[in-house]
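Visitor: Hi! I'm new to this and would like a walk through the structure. Can we take it in small steps?

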Amino acid sequence: MNVAIDPELCIGCGACEEICPAVFHLDEAVGMAEVMDAGACEFVGCCEAAEENCPVEAITVEE
Ligand code: SF4
């Protein structure tokens with residue numbers, strides 16, 4: 001799976017990390033989330049939930 005965060009949109013709210021900590025990490029120093037392990041999406045099954053719950057629709061998850 002391909003997972004991307006648009007840095008122009010991310011507001012650093014941390015929701016993605018809360019929902020899917022195996023894949024997303026909030027870098028508090030820069031106030032932005034990053035994708036740690038997109039490959040884990042296949043196993044943890046929470047990437048789509050993170051995508052749906054991002055308040056600014058910054059996350060894109062593709063097969
Ligand atoms: S949920 Fe969206 S806005 Fe919030 S930290 Fe994650 S990517 Fe950024």
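Guide: Sure, and one definition comes first: helices (H or I, at least four residues) and strands (E, at least two) are DSSP runs, numbered from the N terminus. Also, this is a predicted model, where local features need pLDDT of at least 70, side-chain atom pairs count only at pLDDT 80 or more, and totals for chains, interfaces and linings use all residues. Residues are numbered from 1 along each chain as its sequence is written.

Visitor: OK, so where does E57 lie?

Guide: E57 is in the loop between α3 (47-53) and β4 (59-62). E57 also has a positive phi of about 50 degrees, although it is not a glycine.

Visitor: What sign does phi usually have?

Guide: Most residues other than glycine have a negative phi.

Visitor: And is E57 buried or exposed?

Guide: Exposed, because E57 has 11 C-beta neighbours inside 10 Å. The cut-offs go like this: a residue is buried if 20 or more other C-beta atoms lie within 10 Å of its own, exposed if 12 or fewer, and partly exposed in between, with C-beta atoms placed from the backbone.

Visitor: Let's zoom out. How many helices and strands are there in the protein chain?

Guide: The protein chain has three helices and four strands. Along the sequence they follow the pattern β-α-β-β-α-α-β. The radius of gyration of the chain is 10 Å, close to the 11 Å that the globule rule gives for 63 residues, so the chain is as compact as a globular protein of that length. That radius is taken over C-alpha atoms, and the globule rule is 2.2 Å times the number of residues to the power 0.38.

Visitor: What box do the C-alpha atoms fill?

Guide: Roughly 30 × 20 × 15 Å, taken along the principal axes. Buried residues make up 22% of the 63 residues.

Visitor: Which residues have the most contacts inside the largest nonpolar core?

Guide: Those are C16, C20, V23, F24, C47 and A50, in a core of 13 residues. A nonpolar core here is a set of buried Ala, Val, Leu, Ile, Met, Phe, Trp, Tyr and Cys residues joined through C-beta atoms within 7 Å.

Visitor: Which residues does C47 touch?

Guide: Leaving out residues up to four places away in sequence, C47 touches M1, V3, C20, V23, C41 and V61. Two residues are in contact if their C-beta atoms, placed from the backbone, lie within 7 Å.

Visitor: F24 was on that core list too. What stands opposite F24?

Guide: V35 in β3 does. Strand β2 (residues 24-27) and strand β3 (residues 32-35) run antiparallel and are joined by four bridges. Two strands pair if DSSP finds at least two bridges between them. Their hairpin has four residues between the strands, and G31 takes a positive phi near 65 degrees there.

Visitor: Where does the chain go after β3?

Guide: A loop leads from β3 to α2 (41-44), and A38 lies in that loop. A38 counts as partly exposed because it has 16 C-beta neighbours inside 10 Å. Apart from neighbours within four places in sequence, A38 is in contact with M1, N2, V3 and V23.

Visitor: So where is N2 found?

Guide: In strand β1 (residues 2-5). N2 counts as exposed because it has 10 C-beta neighbours inside 10 Å. Besides A38, N2 touches E62, again not counting residues up to four places away. N2 and E42 are 40 residues apart along the chain, and their C-alpha atoms are separated by 10 Å.

Visitor: How about V44, what does V44 touch?

Guide: V44, in helix α2, touches C20, A22 and V23, not counting residues up to four places away in sequence. V44 counts as partly exposed because it has 13 C-beta neighbours inside 10 Å.

Visitor: Last topic: which residues come nearest the ligand?

Guide: C10, C13, C16, A33 and C54 come nearest, out of 15 residues around the ligand. A residue counts as near if its C-beta atom, placed from the backbone, lies within 6 Å.

Visitor: What does the shell look like by class?

Guide: It has 13 nonpolar, two polar and no charged residues. Here Ala, Val, Leu, Ile, Met, Phe, Trp, Tyr, Cys and Pro count as nonpolar, Asp, Glu, Lys and Arg as charged, and the others, Gly among them, as polar.
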